[in-house]
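Here's a walk through a two-chain model, from the contact between the chains to a couple of backbone oddities. Have the coordinates open as you read.

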Amino acid sequence: MQKFARTFFLFTLFLLVFSTLISLGMDKLLAGKLISYRKHTWVITMKERSYDYGVLGSSRVYNMVNVPLMDSILHTNGINMATSGSSYGDNYCLLLKFLENGNKLKKLFLNIDEYCFDTQHHYSYPFADYEYMPFFFQKNMREVYSDYESPSKMALWTVVPFSRYAEFSDKYKLRNFFILRHFQSDYENSKGGEMLTDSTYKNFKASFSTLNVNDTDVKYLYKICALCKQKGIPVIFLTTPESPELYPLQKNRAELYNRIYQWTGQLGEHYYMFDKLADFSDRKYFRDYTHTNSVGSAFYSKLLAAKLREDKVL
Amino acid sequence: MLFNSIQFPVFLVIVFSLYWMIQKVWGAFYRNIFIILISYLFYGWWDWRFLGLLLLSSLTDFTIGLLMDRSTSDKTRKRLLYVSLLFNLGLLMFFKYFNFFADSFSTLASSLGFHPDVITLKVILPVGISFYTFQSLSYTIVVYWKKLKATHNLVDFMAFVSFFPQLVAGPIERASRLLPQFQEDKKFNFDFAVSGCKLMLWGFFKKIVIADTLSEMVNTIFPNYLHLPGSDLLLGAIYFAFQIYGDFSGYSDIAIGTARLFGFDLMKNFNYPYFSRDISEFWRKWHISLSSWFRDYVYIPLGGSKVSNSLLIRNVFIVFIVSGFWHGANWTFICWGLAHWLFYLPLLLLKRTRINIDGVALGRLLPSIKEFFQMCFTFLLATLAWIFFRSANVSQAFHYLREIFSKSLFHKPVYFHYDLILLILIFIGLEWFNREKEHPFQLAGKPRLVRWSVYSLAICVILFNFAFHKPAEFIYFQF
């Protein structure tokens, strides 16, 4: 029995070293290879591209800012880098990787709204940790991981690096490594956005009556702005349309928006609040309280483009 | 509890340590009590409500065994055997077949113009019921035949019926083989335990890397059979052939390997069945514990091969139909059994059922051309039969087969994925070049660095394919 226990222990050590070497190899391979159709991967693996502007944030901009439409109006070249249900922490990582790869942005449109500051409650998975696994050991990435992950998970992923990929093997499918054909992401055609063609208005019950502010989310708002400042990219804040039916359900909306105005004034070059552009009270523009359908998105994007041209932002 | 769950390795390490400690300090009796407790925990993890059924099954057959042992009258012994058969098969009938018979009766009556009010019950099928009832039944049968003396130790018997590695999906052990192993004191054997670990590793590889990878494609092709050409349907059937083999033989290997860690030697359940040169050989290599169970307890009591040709055909027919029916309460399984009977019939009539007894291409690297084509043909037959097994109903299976044998077989398939074909070829290669060993991870004679690197790589590949957030179930759990 002692011999078995000893062999088992030694083999476990060997396995740990072996799996660590494999995970380091995977870090190298995955950092630059598009092996999935996911939005994050598309942005992270992009290299040496230049855009007139980029849109960053959650589904509020991912589904609502129609970049191809705006580009046709403004004769610009933009990219929608936003991802569904993502926090500022996630947005920060995405932008950081995008810029590290030699990509350039002239302006950044950053989403800001009442949900951005309490993402742990409003979003189901505010930090898509599995998307940044190849960069887990990089200093600035680890800081984000530490802020969003439990200490036990951080310890496991640090001591057994392979466990990062093993846990999310459904995201990093082994068979995708061996797919011989090189696929081009569909995001190239849509410039990263996805409009909601499901136009039925779903009268969702809002469960978030009090709007909170979480320090971590605020921290990464500042970090995104600091990164942009360092790279010379002006930040323009956007709050995309919401159904006015939502307002009575939010107890401290006015109070939170006072703070949002302070942040946008302090950190951004401009701030475009949707209700300053037009009246969005008609249900025909919405799929739910907080997302416009494709009709509403087109309407909003046209108005936004016109305003940007008027203000000589683009 | 699933073998491929996060809980299982934790459970195994704790149970393994306590087991050997109890064996060393208190001996076989308390060790067997511990086995019962952990086996009930293992089973109850899935659904504790059916623990009573397992207990009832064990108590009934133990009591019947004792009564048979005490009785000198053959008539009484026979009656007791009938009670055991009635009880065990009754349990199966109720939990597994009640709705099948009710539905079939209703359909038949409707086709004759009657419209009876047939009761159907919302019965949940207890996991592994077909396995442990057959194992328990094997005990009363051999005690009746006086080939085994009835045990007077309830703890030994309960441990034998509920032994967790093989409780829910076999191998279906014979009482004469396994029960004595519970009656002896055990000493930890390093080599035996290590061989168990390696076998478990190979089992996990087959289940997680082969079966679960292919299942994705199978689950896409079979439900969409109406919209796909014959070429894709044939591919789907081939994917399923490897999926079910990886899934079920993987489970068996994990079960046998786990049992070895506890010092138990379970019977081999698969012996490279896709390298069979005829269907008869296939059945000697596929789900051996079940096919030999039917041979010993159905085929031979019916007269076996020492009867006239017509009776022989009938006996084999009964075995295949019962085998199909054992798998599930659906006509598809009966058709699957029937298809195998039809494939078997020419061999039976030509008395060629036992011409391929030895392993294929023994001592040679490659098979002869004849052997190669024989294996391909047998695999094709088995694959065609699998279509019945996987289809939701018989009409789907026939449509599926019709499409395969149509011109659309020559259409370009949509689901021909190089990576999956490569995976299957690697799997076949691993099995072929190691077919004279128990499994490909037997690397005796290779330096430790090579062996450990191979095992480590296999573990990484397994972990990388493992769905931590939702492990896939084993197909044979439904039986």
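## Where the chains meet

Start with the contact between chain A and chain B: 20 residues from chain A and 20 residues from chain B take part. Keep in mind that this is a predicted model.

On the chain A side, three helices each supply at least two residues: α1 (2-32), α9 (162-167) and α10 (174-177). The largest share is from α1(A), with eight residues. Sort the residues on this side by character and you get 14 nonpolar, two polar and four charged.

## The sheet in chain A

Chain A has an open sheet of five strands, paired in parallel and ordered β2-β1-β3-β4-β5. At the edges sit β2 (78-80) and β5 (270-273) of chain A, each with pairing on one side only. Ignoring direction, neighbouring strands in this sheet are turned by 20 degrees against each other on average.

Now zoom in on one pair. Strand β1 (residues 50-56) of chain A runs parallel to strand β3 (residues 104-111) of chain A, and six bridges join them. If you want a spot to look at in this pair, try A:Val55, which stands opposite A:Phe109 in β3(A).

## Two domains in chain B

The domain assignment splits chain B into domain 1 (53-183) and domain 2 (191-277 + 356-478); note that domain 2 of chain B is given as two segments. Measure from C-alpha centre to C-alpha centre and these two domains of chain B are 30 Å apart.

What does each domain put into the contact between them? Domain 1 of chain B gives 11 residues and domain 2 of chain B gives 15 residues. On the domain 1 side, the elements that bring two or more residues are α7 (164-167) and α8 (175-183) of chain B. That side of domain 1 of chain B breaks down into six nonpolar, three polar and two charged residues.

## The nonpolar core

In soluble globular proteins, nonpolar side chains tend to be buried together. Here the largest nonpolar core has 185 residues, and the members that touch the most others are A:Leu108, A:Ile224, B:Phe160 and B:Trp386. Helix α10 (residues 230-261) of chain B contributes the largest share, 17 residues. Both domain 1 (53-183) and domain 2 (191-277 + 356-478) of chain B feed into this core, with at least three residues from each.

Which residues does A:Ile224 touch, leaving out those up to four places away in sequence? The list is A:Tyr88, A:Asn91, A:Tyr92, A:Leu95 and A:Leu110.

## Two positive phi values

Chain B also has a couple of residues worth a look for their backbone angles. B:Lys146 is a residue other than glycine with a positive phi, near 60 degrees. B:Lys146 is in the loop between α5 (129-144) and α6 (154-162) of chain B. Is B:Lys146 buried or exposed? B:Lys146 counts as exposed, because it has 11 C-beta neighbours inside 10 Å and the cut-off for exposed is 12 or fewer.

The other one is B:Ala361, again not a glycine, with a positive phi near 50 degrees. Look for B:Ala361 in the loop between α14 (331-349) and α15 (369-390) of chain B. B:Ala361 has 18 C-beta neighbours inside 10 Å, so it counts as partly exposed; a buried residue would need 20 or more.

How values were computed. Residues are numbered from 1 along each chain as its sequence is written. Chains are lettered from A and ligands numbered from 1 in the order in which they are written. This is a predicted model: local features need pLDDT of at least 70, side-chain atom pairs count only at pLDDT 80 or more; totals for chains, interfaces and linings use all residues. Two strands pair if DSSP finds at least two bridges between them. Helices (H or I, at least four residues) and strands (E, at least two) are DSSP runs, numbered from the N terminus. Axes are lines fitted to C-alpha atoms, for helices over the stretch in contact, and angles run from 0 to 180 degrees between N-to-C directions. Two residues are in contact if their C-beta atoms, placed from the backbone, lie within 7 Å. Ala, Val, Leu, Ile, Met, Phe, Trp, Tyr, Cys and Pro count as nonpolar, Asp, Glu, Lys and Arg as charged, and the others, Gly among them, as polar. Domain bounds come from an automatic or database domain assignment. A nonpolar core is a set of buried Ala, Val, Leu, Ile, Met, Phe, Trp, Tyr and Cys residues joined through C-beta atoms within 7 Å.
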